Amino acid sequence: MDTLKEPGSENLIAVCTTMLAYRRFSTCCDFATPIPRPDPSISASLDKIIAIANVLSAVERRLPNNLPDYYSILMLRREDAAHDRDLVTRQFKKLALLLDPTAATKFPSSDEALTCVQEAWHVLSDSKRRDLYHAQIGYQPTNATFWTACPYCWNLFEYETKYEDCTLLCQSCGKTFTAWRLQLR
Ligand SMILES: [Zn+2]
């Protein structure tokens, strides 16, 4: 009796490669995400495929003034990344590595995806360019804040994120303290 065999992950990767070649990026993304990862080389290939498919399907979306959605291109949520340059940097490095043009295994459109990621990084890593971009797409980030407590009088204070870990003067007891973030959740 014939046993029905599941198609191997290698074959599924070949299907993804074809989808990338035909520029079916969002289909490719949906298809690649649940593919089993029995070994590191398959896992590495899938990470690359998903990065290309995600980046290039994000490129197809347009924001006001016909501008690209740079946060989506970097696979970030705008609310998370608008205040967090380190997050933008980490994500850029991760994607640049996945889309490395000198890598032994290359998938269709990886160079194009890398160019888009570099363009997004160019804008979002520079505060002047980023602020202009926010204005052009009509996005106004709310000032992120955090809560801290004076360790001497235990008064609670809310500050803008830029003051995190800074030495501050307690507004109630007048002593200085380091503004560490209170985990309130
Ligand atoms: Zn105090």
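In this predicted model, Val15, Cys16, Met19 and Leu20 in helix α1 meet Thr27, Cys28, Phe31 and Ala32 in helix α2. The residues of this contact of α1 with α2 divide into seven nonpolar, one polar and no charged. Helix α1 covers residues 9–21 and helix α2 covers residues 25–32, and their axes, which come within 8 Å, cross at roughly 165°. Because angles over 145 degrees count as roughly antiparallel, that crossing makes α1 roughly antiparallel to α2. The handedness of the pair is also defined, since α1 passes α2 in a left-handed crossing.

A second helix pair can be described in the same terms, beginning with its residues. Val88, Phe92, Leu95 and Ala96 in helix α6 meet Leu114, Val117, Trp121 and Leu124 in helix α7, and the residues of this contact divide into eight nonpolar, no polar and no charged. The axes of α6 and α7, the latter helix spanning residues 110–124, come within 10 Å and cross at roughly 165°, and the two helices are therefore roughly antiparallel to each other. Here, too, the handedness can be stated: α6 passes α7 in a left-handed crossing.

The table sets out the axis geometry of the two pairs.

| Helix pair | Axes come within | Crossing angle |
|---|---|---|
| α1 and α2 | 8 Å | roughly 165° |
| α6 and α7 | 10 Å | roughly 165° |

Val88, one of the residues through which α6 meets α7, deserves a closer description. Val88 is found in helix α6, which runs over residues 85–98. Is Val88 buried or exposed? With 23 other C-beta atoms within 10 Å, Val88 is buried, because a residue counts as buried if 20 or more such atoms lie within that distance of its own. Leaving aside residues up to four places away in sequence, Val88 touches Leu74, Leu76, Ala81, Leu124 and Ser125, and Leu124 is also among the α7 residues listed in the contact with α6. As for the separation from Thr33, which lies 55 residues from Val88 along the chain, the C-alpha atoms of these two residues are separated by 23 Å.

The annotation of this part of the chain comes from a record. UniProt, in an unreviewed entry, places the feature "domain: J" at residues 69–137. Over residues 69–137 the chain is 68% helix and 0% strand in the model, and the C-alpha atoms at the ends of this stretch are 9 Å apart.

Technical notes:
Residues numbered from 1 in each chain as written. Predicted model: local features only at pLDDT ≥ 70, side-chain atom pairs only at ≥ 80, totals over all residues. Axes fitted to C-alpha atoms, helices over the stretch in contact; angles between N-to-C directions. Helix = DSSP H or I, 4+ residues; strand = E, 2+ residues; numbered from the N terminus. Parallel < 35°, antiparallel > 145°, perpendicular 65-115°, else oblique. Left-handed = near helix turned anticlockwise from the far one by under 90°. Contact = placed C-beta atoms within 7 Å. Nonpolar A, V, L, I, M, F, W, Y, C, P; charged D, E, K, R; others polar. UniProt positions renumbered as here; feature names shortened; annotations may be inferred. Buried ≥ 20, exposed ≤ 12 C-beta atoms within 10 Å, placed from the backbone.
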